[in-house]
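Open the structure in your viewer and keep the sequence panel visible. The tour goes from one selection to the next and says what is there.

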Amino acid sequence: VPDLQKLALDPKRAVQSEALASLGMIGSPEAAETIRKVLAGSPAKLQAPAGHAALVAASHLANGGHPDEARTLLAGVISALPSGNISEAAKRQSAALEAAGGSEGSR
C-alpha cells in the first residue's frame with residue numbers, strides 16, 4: 001500500500017489512475033485514506049478514477065467490518081462528484097449501507 005500511495009499522489013509518474021484502481025481493489029482503511037485525499041484535492045482528470053476506486057474500496061471496507069469508513073469514503077465521492085453516474089452509485093451504495101444497519105456504533 002505505501003508504494004501505491006506514493007504513485008497515486010505523484011503526478012510526475014503518469015500512473016496515478018492505475019495506482020488508484022489498485023488501492024480501490026485492496027480496499028483497506030489505509031488505501032481508502034489515499035483515495036479520499038485524491039478526491040478532495042486532485043485535478044479533474046483524476047476525479048473519475050478516484051471515484052471508481054472509492055466505490056470498489058467502499059464495498060471492501062463494508063464487507064471487511066469497516067462500514068463507517070466506507071460511508072466516509074462514499075461521502076467524499078458525493079462531495080467531489082456531485083452529479084453523474086459515479087455520484088449516483090455512491091448514493092445508492094451509501095443508502096444500502098444505511099439500510100443494512102452498517103454503522104459500527106450501532107452494533
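Select Arg71 and Glu98: their side chains are joined by a polar contact of 2.5 Å. The model you are looking at is predicted.

**Stop 1: Arg71 and its partners**

Keep Arg71 selected. Arg71 sits in helix H5, and with a relative accessible area of 18% it is buried, because buried means under 20%. Side chains of opposite charge can pair when their charged atoms come close.

Which residue forms a salt bridge with Arg71 at 2.5 Å between the closest N and O atoms? Glu98 does. Glu98 lies in helix H6 and Arg71 in helix H5, so this pair ties together parts that are 27 residues apart in sequence. Glu98 is partly exposed, at 47% relative accessible area.

Now add Asp68 to the selection. Asp68 also forms a salt bridge with Arg71, with 2.8 Å between the closest N and O atoms. These two residues are three apart in helix H5, which means that about one helical turn separates them. Asp68 is partly exposed, with a relative accessible area of 27%. With the three residues shown together, you have a network of salt bridges linking Asp68, Arg71 and Glu98.

**Stop 2: helix H6**

Select residues 85-99, which make up helix H6. At 1.5 Å a residue, these 15 residues should span 21 Å, and the end C-alpha atoms are indeed 21 Å apart, so the expected and computed values agree.

Next, colour Ile86, Ser87, Ala90, Ser94 and Leu97, which are buried residues of H6. Turn the view until you look down the axis of H6: its buried residues fall within an arc of 95 degrees, so they line one face of the helix.

What covers the buried residues of H6? The cover includes helix H4 (44-63) and helix H5 (67-80), so show both.

Now turn H6 around. On the face turned away from its buried side are the exposed residues Asn85, Arg92 and Ala99. Move past the end of the helix to Gly101, which follows H6 and has a positive phi, near 70 degrees.

**Stop 3: a salt bridge in helix H3**

Select Arg36 and Glu33. Their side chains meet in a salt bridge, at 2.8 Å from N to O. Both residues belong to helix H3, and being three residues apart there, they are separated by about one helical turn.

Are these two residues buried, exposed or partly exposed? Arg36 is partly exposed, at 22% relative accessible area. Glu33 also counts as partly exposed, at 35%. A search of the whole structure finds five salt bridges, and the one between Arg36 and Glu33 is a salt bridge within H3.

**Stop 4: Ser42**

Finish at Ser42. Where is Ser42 placed? It is in the loop between helix H3 (29-41) and H4. Ser42 is partly exposed, with a relative accessible area of 23%.

Show the neighbours of Ser42. Leaving aside residues up to four places away in sequence, Ser42 touches Lys37 and Gln47. Then select Leu9 as well and draw a distance between the two C-alpha atoms. Leu9 and Ser42 are 33 residues apart along the chain, and their C-alpha atoms are separated by 8.6 Å.

Conventions:
Residues numbered from 1 in each chain as written. Predicted model: local features only at pLDDT ≥ 70, side-chain atom pairs only at ≥ 80, totals over all residues. Heavy atoms only, no water. Helix = DSSP H or I, 4+ residues; strand = E, 2+ residues; numbered from the N terminus. Expected span 1.5 Å × (residues − 1). Buried < 20%, exposed > 50% of the residue type's maximum accessible area, 1.4 Å probe, protein only. Arc of directions from axis to C-beta. Contact = heavy atoms within 4.5 Å. Polar contact = N/O pair within 3.5 Å; in protein donor to acceptor, adjacent residues only side chain to side chain. Salt bridge = Lys/Arg side-chain N within 4 Å of Asp/Glu carboxyl O.
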